[in-house]
There are 4 protein chains.
Amino acid sequence: MTVAVRLLITGGTFDKEYDELTGTLYFKDTHVHEMLRLGRCRLDVAVGTVMMVDSLEMADADRETILANCRQAPETRIVITHGTDTMVETARVLAAGAGDKTIVLTGAMVPYAFGSSDGLFNLGSALSFVQVLPPGVYIAMNGSCFRWDRVRKNTTLGVFEEIPD
Amino acid sequence: MTVAVRLLITGGTFDKEYDELTGTLYFKDTHVHEMLRLGRCRLDVAVGTVMMVDSLEMADADRETILANCRQAPETRIVITHGTDTMVETARVLAAGAGDKTIVLTGAMVPYAFGSSDGLFNLGSALSFVQVLPPGVYIAMNGSCFRWDRVRKNTTLGVFEEIPD
Amino acid sequence: MTVAVRLLITGGTFDKEYDELTGTLYFKDTHVHEMLRLGRCRLDVAVGTVMMVDSLEMADADRETILANCRQAPETRIVITHGTDTMVETARVLAAGAGDKTIVLTGAMVPYAFGSSDGLFNLGSALSFVQVLPPGVYIAMNGSCFRWDRVRKNTTLGVFEEIPD
Amino acid sequence: MTVAVRLLITGGTFDKEYDELTGTLYFKDTHVHEMLRLGRCRLDVAVGTVMMVDSLEMADADRETILANCRQAPETRIVITHGTDTMVETARVLAAGAGDKTIVLTGAMVPYAFGSSDGLFNLGSALSFVQVLPPGVYIAMNGSCFRWDRVRKNTTLGVFEEIPD
């Protein structure tokens, strides 16, 4: 069951850092390499940073860039780290254009650089779902995996939940 | 895709603590509840501590106890935290007797209480594989998932690897 | 050398939390109790939360409140956690009015809740300086201790430095 | 108050690592450099690794080596990281031979590599006491500082305590 996985970085809470000079959160480098090392991940993962943005500031053109990266990737199994606020929106764009690939979007409710982050748990989860799910676009957060058209972010509770039939 | 998962604790490196008085590693309580909280896990997980032992000291009777717990569980999807040294041996016992359930064993190379642990990554991974794999017994470690009869622990390298055909 | 120490909390970077719903930093409860537990601190420390504010938003009235707390404290040795941006300003107010007490202000460049925080190091440092220094008002940051009228925050570098003669 | 400090590493719980292959604790490299970086320590600290041993296995010759290192150091202010079990014994040897220097021994009840370590707090504390105390040999643990001949380790409670008159 050894499969090649593409891991695309787009930013989001996941990768936010604390800026000591300004006291605000910002992006520097991705923590994904450190996280894969911590997880002692033995998968064949090719990591690529597509962008480093807050998903609230992601434009249509950014989503097209992510889609293009998915299409061009030689791998058929792709994990994308993404801000949670517009994760579903990006998933919709990918579902319309990414063809026969298995794409799993994931993120974090708390930056990895914080001790209390769910990031490592979510990364382990997304890398697992992507290996076994059939082609399609999914969102994996906090142990659950949803089809892109069956999920919404409940911004009041700060959780992803299934859209009932 | 909301499924009920049973999570059985048996000890292993995963749950080792540092004893300040003796300077040795020992078992106190499981860290699994804290880990599920950290992962903000939203699955329906029923946690049960079966035992807290080093897997090198696990006897045949212990494996029968774990098997009995799998059989009696109302859930058909079960994750077991287990020491890595004899994880494959326990998997074999479960494969012979656990029937139509999906059972995923996982563990850690480094105790969760250490900053550098792979435990949270592995737990996120095991809880994901167990939701989607067909009935059978599997070992999920460091991003990979193996059928119980296709894996061995390479004790020289400290990694799980597939047994070639 | 067992001395009673008063520990006054005023907020600052030290105690900032990450708000999962808004993605911003805010104040909830102080981390000082957890930090004293982690440091296995065996001093006789009385902790009091005076306020929880960003030091850039601290008003003159707030400084008077802190001063009043120092005066009213039965202890003669006081540590104050404080935002770094106006720490020196508060120190000046205290120096003018706190009389014969030893007061050490400290803080953090990175919130304690971040893995990479200097908070625990600074707290251990401030609690040590306060036990042995003569009456006066001091700022203890990153291993150094300065008299209140000999220090400034270099906001370009994000460090406290001595004011040359 | 900028002073040059010598920091001598001798091992102890402080620097113990977890060996993934054997599941035991051992010594590799010191964590002191990482800790000084985390504490954003701005002191002029010269770090030297004298040995990496469990203090229960420290021989008389080892203590002579530590003493020789203290004597040869150009600095008059020295912090020594040391296992807690025989810290007082080493302090006695140093007190007999180290002359007019201020020497502070410190350590940790839990290895720094564990999330729950008191190491960073103790290091911040020791580096502070050493700057302001008069010549002599001291033990700084968990916020307190004791003269070498006024302290013992209570091995039942796992704490250092003052020897009453």
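**Close-up views of a predicted model**

In this predicted model, chain A has an average pLDDT of 95, and 99% of its residues score at least 70. The model as a whole comes with an ipTM of 0.96 and a pTM of 0.95. Let us take the views one by one.

**View 1. Chains A and B are related as by a two-fold rotation axis.** A turn of 180°, with a shift of 0.0 Å along the axis, lays chain A on chain B with an RMSD of 0.0 Å. The two copies are thus related as by a two-fold rotation axis. Look at the contact itself and you will find that 100% of the interface residues of chain A are interface residues in chain B as well, so the copies meet through the same surface. Chain A brings 33 residues to this contact, and chain B brings 33 residues too.

**View 2. Between them, chain A and chain B bury about 2700 Å².** Of this buried area, 61% is on carbon and sulfur atoms. On the side of chain A that touches chain B, the elements giving two or more residues are helix α4 (119-132) and strands β8 (144-147) and β10 (159-162) of chain A. Helix α4(A) supplies the largest share of that side, with eleven residues. Sorted by class, the side of chain A that touches chain B holds 16 nonpolar, 13 polar and four charged residues.

**View 3. Polar contacts link chain A and chain B, with zero salt bridges between them.** Across this interface, eight residue pairs are in polar contact, both partners having pLDDT 80 or more. How many salt bridges are there between chain A and chain B? The count is zero.

**View 4. A salt bridge joins C:Arg40 and B:Glu20.** Here the side chains of the two residues meet at 2.8 Å, N to O. The pair crosses between chains: C:Arg40 sits in the loop between α1 (32-38) and β4 (44-53) of chain C, while B:Glu20 sits in the loop between β2 (16-18) and β3 (25-27) of chain B. Side chains of opposite charge can pair when their charged atoms come close. Over all chains, the structure holds 28 salt bridges.

**View 5. C:Val45 touches residues from elsewhere in the sequence of chain C.** This valine, C:Val45, belongs to strand β4 of chain C. Which residues does C:Val45 touch, not counting those up to four places away in sequence? They are C:Val5, C:Leu7, C:Leu36 and C:Leu127. With C:Val5, the separation from C:Val45 is 40 residues in sequence and 4.9 Å in space, C-alpha to C-alpha.

Methods: Residues are numbered from 1 along each chain as its sequence is written. Chains are lettered from A and ligands numbered from 1 in the order in which they are written. Side-chain values use heavy atoms; hydrogens and water are left out. Copies are superposed by least squares on the C-alpha atoms of residues with pLDDT of at least 70 in both. Contact means heavy atoms within 4.5 Å. Buried area is the accessible area (1.4 Å probe) that two parts lose on being put together, summed over both. A salt bridge is a side-chain nitrogen of Lys or Arg within 4 Å of a carboxyl oxygen of Asp or Glu. A polar contact is a pair of N or O atoms within 3.5 Å; within protein, one must be able to donate a hydrogen and the other to accept it, and residues adjacent in sequence count only if both atoms are side-chain atoms. Helices (H or I, at least four residues) and strands (E, at least two) are DSSP runs, numbered from the N terminus. Ala, Val, Leu, Ile, Met, Phe, Trp, Tyr, Cys and Pro count as nonpolar, Asp, Glu, Lys and Arg as charged, and the others, Gly among them, as polar. pLDDT is the predictor's confidence in each residue, from 0 to 100.
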